[in-house]
Amino acid sequence: SRDHMVRFILRGQFSCRALSRLWICSDNTPAMSANRCNGTAAQQGSSGVLKHEYLFSEVTKMVREYLVTYKDRSSKVVEFRSPEEVRAAVDLELREEGMADEELLKLCRKVLELSVHTAHPRFYNQLFAGVDEIGLAGQFLTAVTNTSMYTFEMAPVFSLMEEEVLGRMRAYVGWSQGDGIFSPGGSISNLYGLMCARYQAFPETKTKGCFGLPQMAILSSQQSHYSAKKSAIIMGIGTDNCLAVDTDEVGRMIPSKLDKTISEFKAKGMFPLCVLATSGTTVLGAFDPLNEIADICQKHSIWLHVDAAFGGSALVSRKHRHLLQGIDRADSVTWNLHKSLSAPLQCSAVLVKRRGLLASCNSTHASYLFQKDKLSYDVSLDTGDKSIQCGRLNDVLKLWIMWKARGTAALEAQLDHSIAMAQYLTTRIKEREGFQMVIESPQYTQVPFWYVPPSLRPCRDSQEWRERLGRVAPVIKGRMVAAGSMMMTYHPLLDHPNFLRMTLSNPQACPEDMDFVLDEVERLGKDIEA
């Protein structure tokens, strides 16, 4: 009782920490008599009921309504507001006193209302789109378990689940063994691959750093992802040593140019560390010729990393996996499952052919976490030391439950459908006046095109005309976002002026949507006087 506690305090027999625990667990503590030692009164309600039961119930309803509402094509993809308008609409300030559940729910509804609705059938702005409902359920369970992936002790089921899923992914790459880990995104997965490349070449960098080593370079195509340069910054290689290899008319790295660049770099006494090939470039969706690139890497004894963050999911398709022919010859691979297959963000993995290399490269053997004398299980299941993180989110459950429920056949059908929609849209663009493809035949789910308003027809391929054409896409995008009718992005590329880019990763997309896209682009852009 509390009287007993007071007597013990007077005798000096309790520390402050012990006192606080006993006070909370006392039978006489208000609101805690039925829930002894289950947390503070601020955290718990009465027995068997969550303190915020109403909030949980209403949020669950809100999630369902959100998903249903924004799968309706008559709803807006975005209710775009300026930063000032968002600040005025959403009370962002954090205060000393908490907010009542009802008021908090109003804020939650406003947050959802003013967010971009990426599950909308007409969201085509990024390399991801849609949300798999089963994967979302897995995301909820991930949050509920609220654990970290550093040891089997802390994540017993999820550690084995990750082992199983990574093994399946390696099998699609074509490896019978190897290693891997889930990471916070494709950029970090690429960083892992490049770090492994450096450790393989210069293992002393782990302890001694890069002092005294030759000048290193990372080679990738001129259309590769900017994460290669980010990795070069982090690793101390420097962006000046990221060498861009020329690409062909559809965006693929030209092998002969790669070979020439490597030879020139080596002739200067420098060390080409890694070739970063891309399977599914960000803008054009191009797939570098992996077999030819692997031949060159083998010739020069260079690590080959394949950034298949976007295009890796084609491996599940019997019809389209040829796009990644030769990926089995890579030393490491990045693969994002939230792109093309709609797993909830983030869901990225790096796969490494040589087992044990991740741990050798990154481990520091922190004895307070990775004890080697645990008697209850095989400590090789403690994956945390091969990660550059300590705490690591469980990113596997949402993917596992989605894959388990739908099966590989459904994932394959989704990928095939997305490519079929891209091909349908390409055909319609070629048939329609005022529309022009940037490349004749896209390889994947990216469809880049120009809309040429009547004021710029007939097409005149002069510098002035190209500059005027480059001003059209930004205007269409601005009007599109203001209307909320759909979302796609635009950008320039090399010597191409700004163009619109459709990404067909949304599993709900259908031919009628593709026709709507072209009608809407024309409606938004036909009066532009660039």
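Guide: Two strands count as paired if DSSP finds at least two bridges between them. Keep that rule in mind for this predicted model.

Visitor: What makes β8, β9, β11 and β10 an open sheet, and which pairing do the strands have?

Guide: The 4 strands line up in the order β8-β9-β11-β10, and the pairing is antiparallel. β8 (435-437) and β10 (489-493) are the edges. Each has a single partner strand, so one side of each lacks a neighbour in the sheet. On average, neighbouring strands here are turned by 45° against each other, direction ignored.

Visitor: How do you know that β9 and β11 are joined?

Guide: Count the bridges. There are 4 between β9 and β11, and the rule asks for at least two, so the two strands pair. They run antiparallel. One position to look at is Val447, which stands opposite Met502 in β11.

Visitor: Which strands does helix α15 lie across, and at what angle does it run to β11?

Guide: Helix α15 (residues 463-470) lies across β9 and β11, at about 35° to β11. Helix α17 (residues 511-525) packs on this sheet too, touching β8, β9 and β11. The direction of α17 makes about 30° with that of β9.

Visitor: Why is a space here called a cavity, and how many reach 30 Å³ or more?

Guide: A cavity is a set of grid points where a 1.4 Å probe fits but cannot get out. By that rule there is 1 cavity of 30 Å³ or more. The largest cavity holds about 40 Å³ of space.

Visitor: Which residues line the largest cavity?

Guide: The lining includes Phe449, Trp450, Tyr451, Leu469, Val472 and Phe499. β9 (446-451), α16 (472-483) and β11 (496-503) each give two or more residues to it.

Visitor: What is the strand order of the open sheet with 7 strands, and what is the pairing?

Guide: The order is β1-β7-β6-β5-β4-β2-β3, and the pairing is mixed. β1 (179-183) and β3 (242-245) stand at the edges with a single partner strand each, so each has one side without a neighbour in the sheet. The average turn between neighbouring strands of this sheet is 20°, direction ignored.

Visitor: What makes that pairing mixed?

Guide: Compare the pairs. β6 (residues 332-336) and β7 (residues 348-352) run antiparallel, joined by 5 bridges. Within that pair, Trp335 has Ala349 as its bridge partner in β7. Strand β2 (residues 216-221) pairs with β4 in the parallel sense, over 5 bridges. β4 and β5 also pair in the parallel sense, over 5 bridges.

Visitor: Where does Cys274 fit in?

Guide: Cys274 is the bridge partner of Ile218 in β4. Cys274 also stands opposite Trp303 in β5.

Visitor: How do you know that β4 is mostly covered?

Guide: Buried means under 20% relative accessible area. In β4, 7 of its 8 residues are buried. Helix α12 (residues 290-300) packs on the sheet, touching β4 (271-278) and β5 (303-308). The direction of α12 makes about 155° with that of β5.

Visitor: Why is Leu324 called buried?

Guide: Its relative accessible area is 2%. The cut-off is under 20%, so Leu324 qualifies as buried. Leu324 lies in the loop between β5 and β6.

Visitor: Which residues does Leu324 touch?

Guide: Contact means heavy atoms within 4.5 Å. By that test, and leaving out residues up to four places away in sequence, Leu324 touches residues including Ser279, Phe287, Leu290, Ala308 and Leu315. Thr278 is 46 residues from Leu324 along the chain, and their C-alpha atoms are separated by 9.6 Å.

Visitor: What makes helix α8 largely enclosed?

Guide: In α8, 12 of the 16 residues are buried, so the rest of the structure largely encloses it. Among them are Gly186, Leu191, Tyr192, Met195 and Arg198.

Visitor: How do you know what span is expected for α8?

Guide: The expected span is 1.5 Å times one less than the number of residues. Helix α8 (residues 186-201) has 16 residues, which gives 22 Å. From first C-alpha to last it reaches 23 Å, close to that value.

Visitor: How many helices and strands does the protein have?

Guide: It has 17 helices and 11 strands. The C-alpha trace spans about 95 × 60 × 40 Å along its principal axes. Of the 530 residues, 51% are buried. Among contacts between residues at least 6 apart in sequence, 70% join residues at least 24 apart.

Methods. Residues numbered from 1 in each chain as written. Predicted model: local features only at pLDDT ≥ 70, side-chain atom pairs only at ≥ 80, totals over all residues. Heavy atoms only, no water. Axes fitted to C-alpha atoms, helices over the stretch in contact; angles between N-to-C directions. Buried < 20%, exposed > 50% of the residue type's maximum accessible area, 1.4 Å probe, protein only. 1 Å grid on protein atoms, 1.4 Å probe; cavity = no way out; pocket = protein on both sides within 12 Å on 5 of 7 lines; lining within 4 Å. Points joined across faces, edges and corners; volume = space filled by probe spheres on them.
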